[in-house]
Amino acid sequence: MLDIKFIRDNVDLVKSGLGKKGFQFDHEQFQHLDEARKTALTHAQSLQAEKKKASKQVGALIGQGMSPEDAKAQVLGSIDADISEAELAAKEAEHALTQLLMTIPNMPQGAVPFGADESDNLEVLSWGEPTVFDFTAKDHVDLGEPFGLNFDLGARVAGSRFAVMSGPIARLHRALTQFMLDIHADEHGYEETYVPYLVNKDALEGTGQLPKFEEDLFKITGAQGDKDFYLIPTAEVPVTNLMRDTVFDGALPVKKVAHTPCFRSEAGSYGRDTRGMIRQHQFDKVELVQFVHASQSDAALEELTGHAETILQRLHLPYRKVMLCGGDLGFSAAKTYDLEVWLPGQQKYREISSCSNFEDYQARRMGARWRNPASGKPELLHTINGSGLAVGRTLVAVLENYQQVDGSIRIPDALQPYMGGLEWIRA
């Protein structure tokens, strides 16, 4: 969340910055809760000081022969009850202010362009030429069906927006995952990490999915007594929360890569991308996360995005890189690049990776800090993450860009070692 002191000292800047995201900052509500918190804390501290002063009078009366009970009753009266009431009021005021802060999005960086939606995003790079065939290109649904991609079975065992993969398609999906992990771990210096697929409420609050986006999550109520769990929408949540409530004493940056399934309810997306694997309730993703010093977060975003681009380039998949405008920028992000891969079956670019700098927004929510050896003092970390890549969408891109006129699929050179040397998938 945003620094409360920064908000107090920069109200106009906060209003204009959040306005770039289309968020209307309610300064009056913030000021009211902030003042209520200060007043409650001051009152509680005043009563504590009064009790301390009165305690000396109690000692004097006892020294004059009065019993301790009578001396306390005469001097202190109901002050203990008053202190308890004041501390409770201060705690409630603090909670109310924190709850408000949790609903305020991160400030976009100055370089983030103005705009309302994805149509206003700024293209900053284009790599490769869109694939062109001398025949009518098929989409991945038709291409994948003969090789084991089945949406009817997914609907039978679960429902809409689920898929079953068997045979060559399942193997190609696994090969892509292994290829991505090897590149990021062996060449880019990320530590491979295995994390839970279920997380608690605190973890989702830490990274910013809660409280605002609960309807987008799959919730398991009362999984352990009165404790609720949530299926992870992305590995960003468990991996980033590994630093929660921590003062890290090691060297920065810390770089982690994790392969997990991801689960999203896709609330609000009904009727969109109903065909195929573009928008599923369950999909796999290889996630990149970096914890860095504040001075390095901008450079880390460029590096991490480049690592995701490497996968696309090794697979020779045409793509473009866009900077998201304020209206399309995520709740917790200060700056985001999307990588969009060319899909011949749709004749358009589609998102395959989103890479973001959250600055200290998530770290403040999580209490994730690093001890600076120069000063010996804890400082908030900056967090960066991105998809390296979404596995299902990469599978879609390979099927569509490497299709042949007879419906067979040529295996990209980089994937052939992961496919037992296979060069083609044929019916």
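**Figure 1. Surroundings of L317 in the predicted model.** In this predicted model, L317 touches W127, L312, V341, T394, A397, V398, N401 and Y402, with residues up to four places away in sequence not counted. Among these partners, T394, A397, V398 and N401 are buried residues of helix 13, and L312 is a buried residue of helix 11.

**Figure 2. The largest nonpolar core and a second, separate core.** The largest nonpolar core comprises 48 residues, and L172, L176, L312 and L317 touch the most other members. At least two residues of this core come from each of helix 8 (167-187), strand 10 (282-292), helix 11 (297-314), strand 11 (319-323), strand 12 (335-343), strand 13 (348-357), strand 16 (382-390) and helix 13 (391-401). Helix 8 gives the most, with eight residues. A second core, separate from this one, has 17 residues, including V14, L18, F25 and Y361. In soluble globular proteins, nonpolar side chains tend to be buried together.

**Figure 3. Helix 11 and the residue H316 that follows.** Helix 11 contains 18 residues, and its span from first C-alpha to last is 26 Å, close to the 26 Å expected at 1.5 Å a residue. Its buried residues are S297, A300, L301, L304, T305, H307, A308, E309, T310, I311 and L312. One of them, L312, is also among the residues that touch the most other members of the largest nonpolar core. After the helix comes H316, which has a positive phi, near 55 degrees.

**Figure 4. Helix 13, a mostly covered element.** Of the 11 residues of helix 13, 11 are buried. They are V391, G392, R393, T394, L395, V396, A397, V398, L399, E400 and N401. Helix 13 also supplies at least two residues of the largest nonpolar core.

**Figure 5. The second largest pocket and its lining.** This pocket has a volume of about 220 Å³. Its lining consists of 14 residues, and A163, M165, Q280, Q282 and F283 lie nearest the pocket centre. Helix 7 (151-157), strand 3 (164-165) and strand 10 are the elements that give two or more residues to the lining. The greatest contribution is that of strand 10, with three residues. Classified by type, the lining has eight nonpolar residues, five polar and one charged.

**Figure 6. F229 in strand 7.** F229 lies in strand 7, which covers residues 227-231. Because its relative accessible area is 14%, F229 counts as buried. Apart from neighbours within four places in sequence, F229 is in contact with L198, V199, N200, F218, K219, I220, A223 and Q224. L100 is 129 residues from F229 in sequence, and their C-alpha atoms are 23 Å apart in space.

**Figure 7. Q416 in a loop between two strands.** Q416 belongs to the loop that runs between strand 17 (409-410) and strand 18 (424-425). With a relative accessibility of 16%, under the 20% limit, Q416 is classed as buried. When neighbours within four places in sequence are left aside, the contacts of Q416 are I411, G421, L422 and E423.

**Figure 8. Overall setting of the close-up views.** The secondary structure of the protein comprises 13 helices and 18 strands. The C-alpha trace spans about 105 × 45 × 45 Å along its principal axes. Of the 427 residues, 48% are buried. Among contacts with a separation of 6 or more, 73% are between residues 24 or more positions apart.

Definitions and conventions. Residues numbered from 1 in each chain as written. Predicted model: local features only at pLDDT ≥ 70, side-chain atom pairs only at ≥ 80, totals over all residues. Heavy atoms only, no water. Core = buried A, V, L, I, M, F, W, Y, C linked by side-chain atoms within 4.5 Å. Buried < 20%, exposed > 50% of the residue type's maximum accessible area, 1.4 Å probe, protein only. Helix = DSSP H or I, 4+ residues; strand = E, 2+ residues; numbered from the N terminus. Contact = heavy atoms within 4.5 Å. 1 Å grid on protein atoms, 1.4 Å probe; cavity = no way out; pocket = protein on both sides within 12 Å on 5 of 7 lines; lining within 4 Å. Points joined across faces, edges and corners; volume = space filled by probe spheres on them. Nonpolar A, V, L, I, M, F, W, Y, C, P; charged D, E, K, R; others polar. Expected span 1.5 Å × (residues − 1).
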